[in-house]
Amino acid sequence: MPTDHPASRTGLVLLDPYNDMLSEDGKVWPAVKEVAQSVGLHQHLRDLLTGARAAEVPVFIAPHWRWRSGDADNW
């Protein structure tokens with residue numbers, strides 16, 4: 001299997017990068033802080049974004065929310 005992918009067919013998708021989980025001021029930060037810091041989460045995210053941008057790979061933010069009737073009206 002090839003490990004080289006053309007940038008034109010590649011993208012970086014960040015799922016649910018919520019401030020409440022990633023920010024030190026976030027509501028959930030106290031619950032995830034120990035693990036996030038122990039694995040270098042913030043630096044790894046910065047490295048991913050830097051690498052993707054340097055390779056001209058598009059970056060997509062995919063927020064998640066619960067669908068409710070009418071959410072997609074008038075799109």
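## Questions on a predicted model

Reader: Which share of the contacts with a separation of 6 or more comes from residues 24 or more positions apart?

Author: This is a predicted model. Contacts in the protein with a separation of 6 or more include those between residues 24 or more positions apart. The share that these residues account for is 62%.

Reader: In which pattern do the helices and strands follow one another along the sequence?

Author: The protein contains three helices and two strands. Read along the sequence, these elements give the pattern β-α-α-α-β.

Reader: Why is the protein described as more spread out than a compact globule?

Author: For 75 residues the globule rule gives 11 Å. The C-alpha trace spans about 45 × 40 × 25 Å along the principal axes of the protein. The protein is more spread out than a compact globule because its radius of gyration is well over the value of that rule, at 16 Å.

Reader: What percentage of the 75 residues is buried?

Author: A residue counts as buried when its relative accessible area is under 20%. The accessible surface of the protein comes to about 6,700 Å², and 56% of that surface belongs to carbon and sulfur atoms. Of the 75 residues, the buried ones make up 9%.

Reader: How far apart do the centres of the positive and negative side chains lie?

Author: The protein carries 7 positive side chains and 10 negative ones. Each set has a centre, and the distance between the two centres is 3 Å.

Reader: What distance does helix H3 reach from its first C-alpha to its last?

Author: Helix H3 covers residues 41–54, which is 14 residues. At 1.5 Å a residue, a span of 20 Å is expected. The helix is close to that expectation, with a reach of 20 Å.

Reader: Which residue just after H3 takes a positive phi?

Author: Most residues other than glycine have a negative phi. The residue in question lies in the loop between H3 and strand E2 (59–62), and its phi is near 60°, a positive value in a residue other than glycine. Its relative accessible area is 68%, over the 50% cut-off, so it is exposed. The residue is Glu56.

Reader: What is the phi of Asp16, and is the residue buried or partly exposed?

Author: Asp16 is placed in the loop between strand E1 (12–15) and H1. The relative accessible area of Asp16 is 28%, which falls between the cut-offs of 20% and 50%, so the residue is partly exposed. The phi of Asp16 is positive although the residue is not glycine, with a value near 50°.

Reader: Which residues does His64 touch, not counting residues up to four places away in sequence?

Author: His64 belongs to the segment after E2. The C-alpha atoms of His64 and Gly26 are separated by 17 Å, with their positions 38 residues apart along the chain. Leaving aside residues up to four places away in sequence, His64 touches Asp16 and Tyr18.

Reader: How far apart in space are Gly11 and Val57, C-alpha to C-alpha?

Author: Gly11 is found in the segment before E1 and is partly exposed, with a relative accessible area of 39%. Beyond residues up to four places away in sequence, Gly11 touches Val57, Pro58 and Phe60. Although Gly11 and Val57 are 46 residues apart in sequence, their C-alpha atoms are separated by 5.4 Å.

Reader: Where does Lys33 lie, and what separates its C-alpha atom from that of Met21?

Author: Lys33 is part of helix H2. With 37% relative accessibility, Lys33 counts as partly exposed. Lys33 and Met21 are 12 residues apart along the chain, and the separation of their C-alpha atoms is 8.5 Å.

Reader: What separates the C-alpha atoms of Ser23 and Lys33?

Author: Ser23 lies in the loop between helix H1 (19–22) and helix H2 (29–38). Its relative accessible area is 25%, and Ser23 is therefore partly exposed, as the value falls between 20% and 50%. Ser23 and Lys33 are 10 residues apart along the chain, and their C-alpha atoms are separated by 9.4 Å.

Conventions: Residues numbered from 1 in each chain as written. Predicted model: local features only at pLDDT ≥ 70, side-chain atom pairs only at ≥ 80, totals over all residues. Heavy atoms only, no water. Helix = DSSP H or I, 4+ residues; strand = E, 2+ residues; numbered from the N terminus. Rg over C-alpha atoms; globule rule 2.2 N^0.38 Å. Buried < 20%, exposed > 50% of the residue type's maximum accessible area, 1.4 Å probe, protein only. Contact = heavy atoms within 4.5 Å. Areas by Shrake-Rupley, 256 points an atom, 1.4 Å probe, with all protein chains shown as cover. Lys, Arg positive; Asp, Glu negative; His and termini not counted. Charge placed at Lys NZ, Arg CZ, Asp CG, Glu CD. Expected span 1.5 Å × (residues − 1).
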